[in-house]
Each structure stands twice: as structure tokens, then as C-alpha cells.
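The following exercises are to be worked with the sequence and the coordinates at hand. Each task is followed by a solution in steps.

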Amino acid sequence: MPKLLYNLFLIIYPFAVRLISPFNQKAKQWISGRKNLLRKIKQAIPEGQKTIWMHCSSLGEFEQGRPVIEKLKAQYPAYKIFITFFSPSGYEVQKNYPGADYIFYLPMDGKKNAKAFFDSVRPSLVIYVKYEFWYYYLQEAKKRNVPLLLISAIFRKSQPFFAPYGKFHRSMLSCFTHFFVQNEASVALLTGIGFNNVSFSGDTRFDRVVEIANEHKTFPEITAFCADSTVIVAGSTWTEDDKELDHFANTRKDVKFIIAPHNIGGDRLKECLHLYKNAILLSSLTQNGNAGNKNTLIIDNIGMLSSLYNYATVCYVGGGFGADGVHNVLEAAVYGKPVVFGPEYDKYLEAVELVENGGAVSVSNALDLEHTFNHLLQKNAAYFKKCKAAKEYVYSKQGATESIVANIYANRLLTT
């Protein structure tokens, strides 16, 4: 029955996406990006080419996989890097990423599609990042004896793999050569159902955010806007976050605010300009040359956020007032700045641990948020203690990338 339901999903999902594509930009990109996709992949890769295939669901998973891919590319230059994305949110942002030789959407799962894909790509090694378990692709890798790794994975007791009815899902896990997981709880869950091919390696995002911080990237227009002011950088915000933030931003004219919305569509930017009464778009700032008397800067492009947190006195990370939970807190914490976010964060181990070690604060509403900001902006001993705790937490968790690549080398999964 689960396999039947899975096959029904493979039929219904593309149909549903096609149905909404006239009204939804991401759905439209999902459909158009898969037009003649298998043919394009076949034409792209020459016969005899050795490849490493990494699959990422979206942008966040790509950032987790990126340090591993870059390490492998340097260590095994004879192999071409082939990256796939399921979501337009990842593909559209990273389709020109120079560290890969081929970047495509992942063709929808299915027995025929998986066979055709493997016939064309002929990967020597397959790496899945964090999650997304596509049954037929996994089965095809197993059938062809291609090493298959899952990296930066995290498992929870509530997942069907660990349920009495989870035989179908466990059959997907049986395809993996090795699991590299983020925590000991995941090790215990996997070994508890008979999978001993597992290592507690940690999360490669720690390695990635340290790399970004070490690049020391700055932007002249942002530097000029911040000047010597106290600055709050709010990244990956949703409407719910902005409604908690806007009163503080609108009343504290002595503080500079940088708001980087998660979605930068036209309607969303209009909403931000409506909520933040004294705001200017980054594109307008760049065009005009100065922000005038505006104290709030709305970032209307993608790709800057991970470097913008370095400008902050205090960082706010969005998503914590929505059901899906807080976004990437590590991008902020790596700079040694206190991190603030909403109440929905318990599904994210790094956010939980950052609160526990004192580098982050979770707030429950606008009043709580304003009280926390006012306290932190005093920059007293407690503030600097949080700065130290945030940075030490991130730097203490490095090493997942080295662990994974060392395992690949030790087990000769690739030839030099």
C-alpha cells in the first residue's frame, strides 16, 4: 500500500504543480525547468565522463553540500560535479554556481526516469544532502552498486522509517552505503532498526558559514548606510516576523535596520515598504547614492544575507513566528553577534543548542522582542557574553566536511 500511494504521489504532484503554474511563479519554473529534461541531461554529458552526483532539495541543502563538493572537486579533479535540485528556490539561485560542471533540476522520480538518468549521468558516487528520499533513484543506485551517501542527515522518532508500518520507507534506507548524521540521537534511531553504517559527523553548515565569514565580504553602499550606527539585521523574514519588528523599527530612529525578506517578489517588497514607514529598497539606495533620512534598508536581491549579518549589533533570524520554524541561525551566529528569533525553533538542533549555550534568545511576541532588543543594545557585559557564546558555538562544531571526505578516501569510494 505505501508503494502504491508513493506512485500515486508521483502522478498527482506534477499534475497539481501544472494546475497552479499559471498563477504561481515557482510552479511555473518547476514545470518549465523539467521540459525535455532527460534529453538535455543526456546531451550534456559525454561518453566516458566520470561524475559525482549530488542532489539537494533546495538552497539550504545546497549550502550544506557545497563544502563537501568543493573539497571533492579539489581532491578528485578527474571527476565532473553534477548537481540536481528539486525546488526552483535552489536551482534558480545556484544554476550558475561555478563549482559544478552540470546543474539541472531533478527529473521526477519513476522507474523509467531513474534508469534513463543513471544511463546518462553514470555517477561513480551519489550524495544526497540531509533528506529527500526518492525511491526509484535510490533503488537504481543500489542495483548498479553505486556508492550512495546521505550527509548532514537528521532523523526523528516521528518519521515513518521508525514506525511499525515503515517497511517501504526502511527499504529506501537500505540503499545507502553510509549515513553521516548531525547528532547522536540519529545514530541511535538508525542503529535501533538495524542500520550500523552510520557516523556522527555533524552538520556541514558549520564549515560553510565559517568559510563565508572568513571571506570578509563587504558592500560599499551597506557600509555607508550603517556608518557608525547601532544596527539590527533581520534576515529571511516573513510577514509574521515583520509585524513583530515594524513597531520597533518605526520608533527607534537612532537605530539602523537591514531587513532581508525571505521572498523578494513585488507584492512582498510593497508589504515591507508599507510596514516599515521609514524604509528604502537597496536598489533605490544604489541608484540614488544615499538613503536620505531613512533608517531601514530593505534588501531586494538574493545572495547577500550571509555577509550582511557581519554589519549587525544584534541579529534577528526570521521564520520563528511561522509553522515551519526559524531559518539558518548559524549564518548570524558565526560573526559573534547575539541571535534573536521567534518561538518556533524546537525542530532545529542548532537553534536549540544556541539558546541553551546563551548565544541566542527566543522571543514570543513584539513586546518580548522589543524588551530583548533594548537590553542587548545597551552592549553591557551580558551582551558581550552572548557574542562570545554564539561564535564559540559555531567554531566548536566544525569538521563534518573533513570527516565525510576522509571516509570517502579511506573506503576508496573514488579513485584518484
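**Exercise 1: Helix α12**

Task. In this predicted model, locate the bend of α12, compare the span of the helix with the expected value, and identify its buried residues and what covers them.

Solution.
1. The bend in α12 is about 40° and falls at Leu-245.
2. Helix α12 covers residues 239–251, which is 13 residues; at 1.5 Å a residue, the expected span is therefore 18 Å. The C-alpha atoms at its ends are 19 Å apart, in agreement with that value.
3. Leu-245 is itself among the buried residues of α12, together with Asp-241, Asp-242, Glu-244, Asp-246, Phe-248, Ala-249 and Asn-250.
4. The cover over these buried residues includes strands β8, β9, β11 and β12, as well as helices α13 and α18.

**Exercise 2: The sheet**

Task. Determine the strand order of the open sheet and describe how β8 is joined to β12.

Solution.
1. The order of the seven strands is β10-β11-β9-β8-β12-β13-β14, with parallel pairing.
2. Strands β10 (279–281) and β14 (360–362) form the edges, each pairing on one side only.
3. From one strand to the next, the twist averages 20°.
4. Strands β8 (residues 230–237) and β12 (residues 314–317) run parallel and are joined by four bridges. Gly-235 is placed opposite Val-317 of β12.

**Exercise 3: Nonpolar cores**

Task. Which residues have the most contacts inside the largest nonpolar core?

Solution.
1. This core has 76 residues, and the residues sought are Leu-72, Ile-83, Tyr-128, Phe-155 and Phe-179.
2. Another core, of 43 residues, lies apart from it and includes Val-233 and Val-317.

Notes: Residues are numbered from 1 along each chain as its sequence is written. This is a predicted model: local features need pLDDT of at least 70, side-chain atom pairs count only at pLDDT 80 or more; totals for chains, interfaces and linings use all residues. Side-chain values use heavy atoms; hydrogens and water are left out. Two strands pair if DSSP finds at least two bridges between them. Helices (H or I, at least four residues) and strands (E, at least two) are DSSP runs, numbered from the N terminus. Axes are lines fitted to C-alpha atoms, for helices over the stretch in contact, and angles run from 0 to 180 degrees between N-to-C directions. The expected span of a helix is 1.5 Å times one less than its number of residues. The bend at a residue is the angle between axes fitted to the seven residues ending there and the seven starting there. Buried means under 20% relative accessible area, exposed over 50%, partly exposed in between (1.4 Å probe, protein chains only). Contact means heavy atoms within 4.5 Å. A nonpolar core is a set of buried Ala, Val, Leu, Ile, Met, Phe, Trp, Tyr and Cys residues joined through side-chain atoms within 4.5 Å.
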